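Got a protein model open and not sure where to start? Let's go through it together, one question at a time.

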Amino acid sequence: MHKKSITKILFFSLTALIGVALSHAKIKVACVGDSITQGTGTGSMSLAYPKQLQNLLGEDYEVGNFGSSGATLSTECVDAYIKRSMYKKSLEFMPDIVVIKLGTNDSRPEVWDRYGKNFYANLGVLVDSFANLKTKPQIFLCYPSYAPDVANWGTREKVMRNEMSVVIDKFAKDRNLKIIDTYTPLKNDNKLFDDNLHPNSVGAYKLAAAVYGGITGKKALDKPSQVEFPPLKWNGYKFYEFDYAKNPIKVIVPHLPKQGQLWMLSSVPFGNLNDVYLKLAECGYYVVNYDITLEYGTAEEDKLGYRFFRQITVVRPMSSKPIALAYGLSAQAVLNWASNYPDNVAGIYLVSPVLDTKSLSQNIAEELRIFHGIKNLSDIKPFGLDALKSLAKRNVPIYVLTSENDNSIPFDSNAALFIKKYESLGGSVKAIKKPKSTYKLSDLTDSSSLLEFVGDNLKD
């Protein structure tokens, strides 16, 4: 599969990420390896195969990336994995599952020709160190992944395929360990390599899918399809408009993206914040517009969006933590999502948040319903303030912008309750009442405060 431009990514449906946080202990998976495990060649550590494995396994698991560039299995080498700090960290992680993928650097002539005869014994040293942990982890061995023999790295694909794999097979049989085939998925597909050794993001996904299958016995979910269409123009910027499973997605691409492909996800119906979006694009931020109040809460969207989110790093994504912008009724959906997935949001910017639809007059409720395109206000899932604990625990910053002079959205029964609760939990919240304005987005739009909030909290 060819590598795609970042601007051709399908973006996940934020509305579909509402779920119940799991309270039981997570299964810890330690991914032990070299630069391929570390993520070299993918363009971002968030695209390394352990990260993509995390997305495939889901919230029941905690995957640790303990890849160390240049590491060898051979203990005699100065670059031996057991001499690296990552090795110590992998032991301290106290994993329940260990995935060992080493050997690529051992295939070099100066290593294999001298120490290859000890590969079996050295594998035993590493395996035993994990087997002796109190957690008694299940240990998986991986074949070194395929790499074209045209590389200038000194590695030898034939050694890995014809000699090293034989030793791994024998060791696994002797010790009754399972082998994960991470060689075949990349075999003879040079498009999966940008430097002829390290898999790119798509290649890393294939490794993650193989490991996922080895751990769970299940086939990995299909990759999200990629969109093939020419960009449009929006106020001089590249602009993509498409549907994902009938959900409208709009993406504004900055001329000079900030390092790390930083972005903001807006739940405001498109066309209502053009000036703000322009400012964000000028500053180098991508803007992904998806009105999360549309069809909010349906089981179909929840299943589809969560599945897509778990695989979002299959193709080159932007930063894993966006700033979420919500207005009016969409505040409940954003807070529900963020509370259930607090590790996936860098900050929340709320404008005239409505947390209690019953506090609104019939006219205001109808006006907001039409603005957001909601069929029935009863479709909006009530937000329980106790759910804010997960956000406060992770110090997720929240900015609340309301009107000082307008009571159309009663402050005391909406924003005030939220602010008081979040502060009592130790959360960071900045509340601003804008004078001489109404609850309407057009009156409250404040690009300067939003840009400051984004700049302070959206990092690579």
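Q: Which cysteine holds the sulfur closest to the sulfur of C142, and why is there no bond?
A: Keep in mind that this is a predicted model, so we're reading computed distances. A disulfide needs two cysteine sulfur atoms within 2.5 Å. The sulfur of C142 is 8.2 Å from its closest cysteine sulfur, which is too far for a bond, and that partner sits in C31.

Q: How many disulfides does the count come to?
A: The rule asks for cysteine sulfur atoms within 2.5 Å of each other. With that rule, the count comes to 0 disulfides.

Q: Is C142 buried or exposed, and what is its relative accessible area?
A: Buried means under 20% relative accessible area. C142 falls in that class, so it counts as buried, at 2%.

Q: What is the relative accessible area of C283?
A: The partly exposed class lies between the buried cut-off of 20% and the exposed cut-off of 50%. C283 counts as partly exposed because its value is 35%.

Q: How would you class the aromatic pair of Y81 and Y87: stacked, tilted or edge-to-face?
A: The count comes to 14 aromatic pairs, and Y81 with Y87 is one of them. Planes over 60 degrees apart count as edge-to-face. Here the centres are 6.0 Å apart and the planes make 75 degrees, so the pair is edge-to-face.

Q: Are Y81 and Y87 buried or exposed?
A: The cut-off to remember is under 20% for buried. Y81 has a relative accessible area of 1%, while Y87 has 14%. So Y81 and Y87 each count as buried.

Q: How many residues apart in sequence are the parts that W234 and F270 tie together?
A: These two rings form a tilted pair, 6.0 Å centre to centre with 55 degrees between the planes. W234 lies in strand β6, and F270 is in the loop between β9 and α8. So the pair ties together parts whose separation in residues is 36.

Q: Which residues make up the cluster of ring pairs that includes W234?
A: W234 is buried, at 10%, whereas F270 is partly exposed, at 25%. Another member, Y277, is among the buried residues of α8. Ring pairs link the whole cluster: W234, F239, F270 and Y277.

Q: Which residues in α5 do Y87, S90 and L91 of α3 meet?
A: The axes of α3 and α5 come within 10 Å and cross at roughly 30 degrees, in a right-handed crossing. The residues of this contact divide into 4 nonpolar, 2 polar and no charged. On the α5 side, they are L126, S129 and F130.

Q: Where is N176, the residue with a positive phi although it is not a glycine?
A: N176 has a phi of about 55 degrees. With a relative accessible area of 71%, N176 is exposed. Its place is in the loop between α6 and β5.

Q: Is S352 buried or exposed?
A: S352 also has a positive phi, about 45 degrees, although it is not a glycine. You'll find S352 in the loop between β12 and α11. Its relative accessible area is 4%, so S352 is buried.

Q: What share of the residues in the chain is buried?
A: Let's finish with the whole chain, which has 15 helices and 14 strands. There are 460 residues in the chain, and the buried ones make up 56%.

How values were computed. Residues are numbered from 1 along each chain as its sequence is written. This is a predicted model: local features need pLDDT of at least 70, side-chain atom pairs count only at pLDDT 80 or more; totals for chains, interfaces and linings use all residues. Side-chain values use heavy atoms; hydrogens and water are left out. Axes are lines fitted to C-alpha atoms, for helices over the stretch in contact, and angles run from 0 to 180 degrees between N-to-C directions. Helices (H or I, at least four residues) and strands (E, at least two) are DSSP runs, numbered from the N terminus. A crossing is left-handed if the near helix is turned anticlockwise from the far one by less than a right angle, and right-handed if clockwise. Contact means heavy atoms within 4.5 Å. Ala, Val, Leu, Ile, Met, Phe, Trp, Tyr, Cys and Pro count as nonpolar, Asp, Glu, Lys and Arg as charged, and the others, Gly among them, as polar. Buried means under 20% relative accessible area, exposed over 50%, partly exposed in between (1.4 Å probe, protein chains only). Rings of Phe, Tyr and Trp (its six-membered ring) pair if their centres lie within 6.5 Å; planes under 30 degrees apart count as stacked, over 60 as edge-to-face and the rest as tilted.
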